[in-house]
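Student: I've got a structure to look at and I'm not sure where to begin. Can you take me through it?

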Amino acid sequence: ELEILDVNDNSPTFPQSSIALQISEASAPGVRFRLQGADDPDIGTNTVAAYTISSNEHFSLNTQKSEDGIIIAELLLEKSLDREMQSSLQLMLTGIDGGSLQRSATVPIFITVLDFNDNPPVFD
């Protein structure tokens, strides 16, 4: 009997060069946005094990493990958006594998804040 062990010889990769989201400024804190995860041809502990997101004031990252062991990443709105104050945001999502010599990949997330009629007209 021959057992072949996987070595961590592949880095995670994201299927797209960037992630684009359009989020209304009327979205309430607590809303989640599922993100496209990274792929890693390695198996077991050498595949994608965690995700992180760049520090920011509006979003955190929520992760869950599916029944088949895949890590699912969701962007969680923590603080309301205001398009009049900031019409776009850029975050960085990092996928990290579980190998003893960890490998990672990053992808930018471009967020466009969509306007909501939240300001009355002002006359000069």
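Tutor: Sure, and keep in mind that this is a predicted model. Let's start with a sorting rule: Ala, Val, Leu, Ile, Met, Phe, Trp, Tyr, Cys and Pro count as nonpolar, Asp, Glu, Lys and Arg as charged, and the others, Gly among them, as polar.

Student: Using those classes, how many residues in the lining of the largest pocket are nonpolar?

Tutor: The largest pocket has 19 lining residues, and Ala38, Val48, Tyr51, Ile70 and Ile71 lie nearest its centre. Strands β3 and β5 each supply at least two residues of that lining. By class, the lining has six polar residues, four charged ones, and the nonpolar count you asked for is nine.

Student: Which residue forms a salt bridge with Glu74, and what parts does the pair tie together?

Tutor: The closest N and O atoms of Glu74 and its partner Arg32 are 3.4 Å apart. Glu74 lies in strand β5 and Arg32 in strand β2, so the pair ties together parts that are 42 residues apart in sequence. So the partner is Arg32, and the parts are strands β5 and β2.

Student: Is Glu74 buried or exposed?

Tutor: Buried means under 20% relative accessible area. Glu74 has 14% relative accessibility, so Glu74 counts as buried.

Student: Which residues are linked with Arg83 in a network of salt bridges?

Tutor: Start with the salt bridge between Arg83 and Asp115, where the closest N and O atoms are 3.3 Å apart. Arg83 sits in the loop between β5 and β6, while Asp115 is in the segment after β7, 32 residues apart. Linked with Arg83 in the network are Glu84 and Asp115.

Conventions:
Residues numbered from 1 in each chain as written. Predicted model: local features only at pLDDT ≥ 70, side-chain atom pairs only at ≥ 80, totals over all residues. Heavy atoms only, no water. 1 Å grid on protein atoms, 1.4 Å probe; cavity = no way out; pocket = protein on both sides within 12 Å on 5 of 7 lines; lining within 4 Å. Helix = DSSP H or I, 4+ residues; strand = E, 2+ residues; numbered from the N terminus. Salt bridge = Lys/Arg side-chain N within 4 Å of Asp/Glu carboxyl O. Buried < 20%, exposed > 50% of the residue type's maximum accessible area, 1.4 Å probe, protein only.
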